Amino acid sequence: MPLDRAEAASQEVRGDGGPSSGVTGEALHAHCRALYAVCRSITGPGLRATLAYVAERLPLAVREVPSGTPALDWAVPREWTPRSAWIRSLDGETVVDFARHSLHLLQYSKAVDRVVSNEELQRHLHSLPEQPDLIPYRTAYYSDTWGFCLPHRLRESLTDAAYRVRIDADLAPGALSYGECVLPGESADEVLISVHCCHPSLANDNLSGLSLALELARALEGRKRRLTWRFLFIPGTIGSVAWLAANRDGAVGRIRHGLVLSCLGDGGAFHYKASRRGNASIDRIAAHVLRHEGAGNQLLPFIPYGYDERQYCSPGFDLPVGCLMRSPNGTFPEYHTSADDLDFVRPEHLARSYAALERIADVIEGDALLRSTAPYGEPQLGRRGLYAAIGGTGPGETGRGFDQMTLLWVLNLADGRHTLLDMAERAGQPFAAVRAAADAAIAAGLLVPA
Amino acid sequence: MPLDRAEAASQEVRGDGGPSSGVTGEALHAHCRALYAVCRSITGPGLRATLAYVAERLPLAVREVPSGTPALDWAVPREWTPRSAWIRSLDGETVVDFARHSLHLLQYSKAVDRVVSNEELQRHLHSLPEQPDLIPYRTAYYSDTWGFCLPHRLRESLTDAAYRVRIDADLAPGALSYGECVLPGESADEVLISVHCCHPSLANDNLSGLSLALELARALEGRKRRLTWRFLFIPGTIGSVAWLAANRDGAVGRIRHGLVLSCLGDGGAFHYKASRRGNASIDRIAAHVLRHEGAGNQLLPFIPYGYDERQYCSPGFDLPVGCLMRSPNGTFPEYHTSADDLDFVRPEHLARSYAALERIADVIEGDALLRSTAPYGEPQLGRRGLYAAIGGTGPGETGRGFDQMTLLWVLNLADGRHTLLDMAERAGQPFAAVRAAADAAIAAGLLVPA
Amino acid sequence: MPLDRAEAASQEVRGDGGPSSGVTGEALHAHCRALYAVCRSITGPGLRATLAYVAERLPLAVREVPSGTPALDWAVPREWTPRSAWIRSLDGETVVDFARHSLHLLQYSKAVDRVVSNEELQRHLHSLPEQPDLIPYRTAYYSDTWGFCLPHRLRESLTDAAYRVRIDADLAPGALSYGECVLPGESADEVLISVHCCHPSLANDNLSGLSLALELARALEGRKRRLTWRFLFIPGTIGSVAWLAANRDGAVGRIRHGLVLSCLGDGGAFHYKASRRGNASIDRIAAHVLRHEGAGNQLLPFIPYGYDERQYCSPGFDLPVGCLMRSPNGTFPEYHTSADDLDFVRPEHLARSYAALERIADVIEGDALLRSTAPYGEPQLGRRGLYAAIGGTGPGETGRGFDQMTLLWVLNLADGRHTLLDMAERAGQPFAAVRAAADAAIAAGLLVPA
C-alpha cells in the first residue's frame, strides 16, 4: 500500500498507512554481515556494540539496568566482559582460540589461567559428536564455571596429558543493556515487536530477526500510524523480564498485538507460534497472512519453551504475543552451531520474510470495523458504477484490485460486528483485496466507521 | 403424514398436519410446460400472465407497485413491454426473431428501428462461443441500451455489411407486479417461501421453483397449520426488495423460517445454501432432511450472491432464509441458456424435489419441545406396552414406525431443552421416526408440552 | 503412587493418596470363580449370596427393599426363588436341567409342573440358531410366563410329541437386595462406582465389574481420601432405580463423578461410554487415561441403552456417570450366552482393566487447581535446582518422573483456571507426570492451592 495513496481526510476509515515496500534482501543481509562477528551475550560490550549499530539507524533509547536490580522473580546478573580465551598445548601451540570464533567460549565463563590435566579439561569442553565439524553454542549464565565449545573432531585430537588454559574475562557488577524504539501512533494502543540480540555469531538466530525489526521500524518511522509501535532489541529472557518489570504498570497494559521475530533468514516454510491465548487478534492476523503467503506454512500452538514469548505469555501477563519464524528453533541442523552463519542466511529468504512481516503490519494497521449505510437489502451498485451493466453472467473482476464478489462480501458483513479481517477470512480473500473493496465502498458513501 | 391421522385434541402436541403427499412429477412438469414460452421479466405482461396462472390455483393477492416507488436503496423501475423484435438482412430475411424464443431479446431493451452496420450490430449481440448452439440469457435492467442474444454459430454467419434491426418495446411508467399467498396458522410466526418468476423461457431457473411452491401451498391450504405460511411469487432482487420495503415493520419481523426455491427440476444432488446466520433453525432442518434424503447432497455456506436470499440475508434484515436447489446456479452447462428447457427439467426430478420439500415442511410444522412426565430414572415401559416381554436381546423394532432405541432417545432427551429435531440429530434417525416415537409416548402419557 | 510417600502437611495440595497397586489378575479372577455358578437374579437367594461374599471382604451395608415399595416410576417386584427346573422326556430322561447351568431357566419363570405338547413347549424355549451350542441368557422379569434356555442343537433333538416340564420356583412378596459401601473422604463430594450383580452364570457380564469394584474399594479403604467413595453392588435397572429413589434428596446431589463398571475381563480394547452430559469431568478423565493406556481404545458417546448409567443419566438426574468396559455389551459373540464363562474372562485382562481403573481413580483423587506464586515472567528455575546448568540444548529429562517441558507447562498454566488434568491434556503428558512436576513445584514454593 504505497504511502502517497493516503489522504488525511479519510485516513482513519480507509486504513491507509501500511509500511512501504522497497526493503531489499541485500540490505537485510548487510545488517547480518555487519554484526555477525561480534561476541554478544546477555550483557557486555558485544551487546552494547550491537545496540549502537541499531541506534545509528533508528531513534533508539538504550537502557542500562544495573546488576542486581530485581526484575520479577529474577535479578539482573553481573556483566560479562570476555577479552581473550584460548587452549594451548604445553609447547605453545594454540588449539582453540576465541579470537577465531566467538562461539568457542562458553558464555559467562569465568576467568581461568592455568595448566589443567586432559581429564579436567574434558569436563569443560562442549562438542557435537554427531556434527563433528561444527562448534556448538552453549551458555552458563547462572553457573560458576568456565568452558570451551569446539568441533568434536578437534576435541578428539586433544590427546596430550595436559593443556594450558586461559580465559581473560570479567564477571563483575555492571549493567544489562537493551534498546527500545517507540513510534507513537494516533492511538496509545501498542504493537510490540521484540527481537533477542544476545546470541554471538549466529546469523539466523537472531541477526535475521534483528534486521527485519530494524527495517520495519524504519519503514514505519516516516509514516502516519494508527497504532503506537514499540520495538525491543533485548537480550533473551532476562531482557524481556527486565523490560516487563520496568513497564509493568505502563506500556505492558497497552499492548494489543505483539510479535517475537526469530530465525527468519533460512529457506524453510513460515511457522507462526500462537500466543498463549491462542485466539488473539495477532494469532488470526498471522494465520491469515501465512495462509495467503504460499503452501506449507504452519501454525504452531503455544508451548512454554522458545524465545521471549515465554515471558510475555507467562500467566501473570498473558499478552497477545506470538512468534514468527521460518524454521523453528531446534528443528534445523544448523541451529545453535557455527553452521548458522552468513551463508545459511540468504538475502532472498530475508526479503520474503520481510514481505510477510509487512503484510502482517498492513493488517494490524489497516483492519477496521465498518458499518454499511444501506444495510436493508443490497445497495443498488449499478447507479454507483460498482456493478456490470449487463447481467446474467455472475460476479467477475472489477479491475480495481478486488472482484465483485469481494465487494458483495464486504457490504453483506458490514454490520458493525465483522472487522475487515473477519470479512477476508469469510470471503477467502487476501486482506488487501478486502481493504481495497472497502475503500471503494467508503468512497461511494456505502461504508462508515462502526 | 396423512391428514386423516390428525385429531383435534392432541393436535398441538402431536405435531400432526404435515403436507399431504400425492403431488405427482407430471403435475409439477405441467406447470412448467404451461408457462415456459412466456417472456417474463422483472415487470410487464409476461410476469402478470404468470401470476394470473398461479392465481387461478391459489388464493393469491397480486400487488402492483408503481414505477418510481422508493424501495430501500432502490426505486421500482419503469415497466417493460416487449412486443416484437427481429434482425433482418437488408433483403428481408429474418435471421433472429423474438417470436421464436423469448431469450433472443436482451431484457429491458429499448425500442430501436433502423439499419445498423455490422460493426454496430456486433456491439449489441450476446452469444456463447463455447456453447455455439445455445442462446444465452442476458439482462440490462438499469442500462439504456438494446441487444439480442443468439447462438454463436448463427452470429458467425452474420457477415453482411448492414442489417435492419427492429425492437418494438415500451419502457414506461407502470408497475412492478408480484404475488403473495398467505395461509394463516395457529401462530402468527411465519414461514416464508420465495420463488423468483422473472426469468423468461428458462425451465429449471425458475419454473421448477414456482411449480413446487405452488403445489406446496395447495397442499398446505386445506390443512390445519401450526405456523403461518407466506408464499411470494416475485421478480428477482427488485421484487424481494419491494416486498421487504413494504413489510419492514410487519411480516418481516414474524419470519421464523424461510426458503428460496430455485433450480429444482434437474437431476443433480440437492444443495442447500445456508442462511447468513448459518445456524438458523431452517439451516438445521434442511441439513437434517438432506442427510436422510440420499447420498451426495451438499450443504453450502452462505455467500452474498445467488437469488433473493441476498436481500433477505442483507445485514439489516439477516433473516433465517436459506436456498434449496438441485444443481446450484452457475454450476450446470444449461444454466442461463436456451438448453434450460422442458427436456432438461424432468417430472421425476421435480417429484423427488417436492418430496424433500415436503419433509422440510413436515419438520417445520412438526417440531416441538416436549417434557417427560417421568424424568427420574427410566419410565417402566413394559407396563405401558412399549417394551418387549422377553429381555436379554437388546432394543429392536416396534413395528410402529420407530425402533425401541428411538423411543429411549426421545424419553431421555425430553428435558425441555431438546426439540424433536435435536433428538433426531442425536439419535441419527429421520425426524418422522422421532415424531412417531414421541406421538406414542404422548399417547402413553409420558410426554407433555414443555 | 505409594502410600508411604504421603505426608500429612502437604497432603491436600500434593494430591497424594492414589490407590495402591498390588492387586493381581489372579485375585480378581478368583472372585469370578467363587461366584460363577450362583444363579443370581434381580432378587432372591443367589443375589443375597453374592452380596454376602462381598460383605466378607468389605464394610458393606446390605439393604433389603420390600416388594411393592414404590421406586420412581417403578415398584419393587416380587422376589424370585428358583429351586429346581427341568424338562424330561415322558420316559424319564432329563434333557434340560437347571442344576447343570443357571442359564437354563428363563429368569423369573413361574412354577409349572405338567406334561406339555411339543408345540406348547416350543413356545417356551429360547435358543440361538446361529450359535447352536450355546445357551442364551433371557429374562421375563415383568411377564407372567415360564421358559427354558438351551442350545439350539439340543432343541432340535426334542422331537417327542410331549414332554414333562417342572419348575419349582416361588414368585412371592419378599425384598430387593443390594449392597452399599461408603468410604468417607475429606470432602462430602462423592465418587459413585456402580456394578450390576444380577446376572447368573455370566463371567464378563458382570463378575468382572464386581471383582474390580471390590478390589478398588479395598485399596481405597485403608487410605486417606480426598473424596468420599460410594460403591454400589446392585441388581440392574431396578437396583439403581431403588437406590436413586431412596437417595434422591441425599447422596444423589453429592455425586461429582461416577462410573459403571462392566465387561472388564475380556481381551478387547477399552471402551468408555460418556455420561449424558458428554463433557463431565469423569468423561475427560476417562478419555485422558484411555488415551495414554495404549492404542485402539475407544470413546463412545452416550446412548440411552446399556447398563445402570441409563438410570443415573435419565433426564431428571443427569448425573456425571459414564461406563467403563473392554468389549461393549452386545458387540462380542459370547455376550449373554454360556460362552461368557471363566475361560473367556482371563486374569491378565482383569489386571490390565484394574490398572486403568486405578489410574482413573488417581486422577479423580489427585486433580487440583493450583496457582503460581511467581506468575509474572518465568520463575528462575536455576536457583531452585530445577533447570540444567548448561543452556543452549533445549528442555530435557529431569530424572524425577517428569521432563523439563512438563514443568514449564505446569508453571505456565498455573493461573487458577487450569486444573492439573487440563495441563496434562495441553502438555500431551500422562497425568502422573504432571502431578509429579506439580509436586516438585509445590516443594519449591512455586505453586499453592488456587
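How much area do domain 1 of chain A and domain 2 of chain A bury between them? The views below take that up, after a note on the model.

This is a predicted model, with local features needing pLDDT of at least 70 and side-chain atom pairs counting only at pLDDT 80 or more, while totals for chains, interfaces and linings use all residues. Residues are numbered from 1 along each chain as its sequence is written, chains are lettered from A in the order in which they are written, and side-chain values use heavy atoms, leaving out hydrogens and water.

**View 1. Domains 1 and 2 of chain A meet here.** An automatic or database assignment gives domain 1 as 18-76 + 175-366 and domain 2 as 80-172. Their C-alpha centres sit 31 Å apart. The contact (heavy atoms within 4.5 Å) draws 23 residues from domain 1 and 18 residues from domain 2.

**View 2. The buried area, up close.** The two domains of chain A bury about 1500 Å², 58% of it on carbon and sulfur atoms; that is accessible area (1.4 Å probe) lost on being put together, summed over both parts. On the domain 1 side, A:Cys39, A:Ile42 and A:Ser338 supply 30% of the area buried against domain 2, more than any other three residues.

**View 3. Polar links between these domains.** Eight residue pairs, both at pLDDT 80 or more, are in polar contact between domain 1 and domain 2 of chain A. Such a contact is a pair of N or O atoms within 3.5 Å; within protein, one must be able to donate a hydrogen and the other to accept it, and residues adjacent in sequence count only if both atoms are side-chain atoms.
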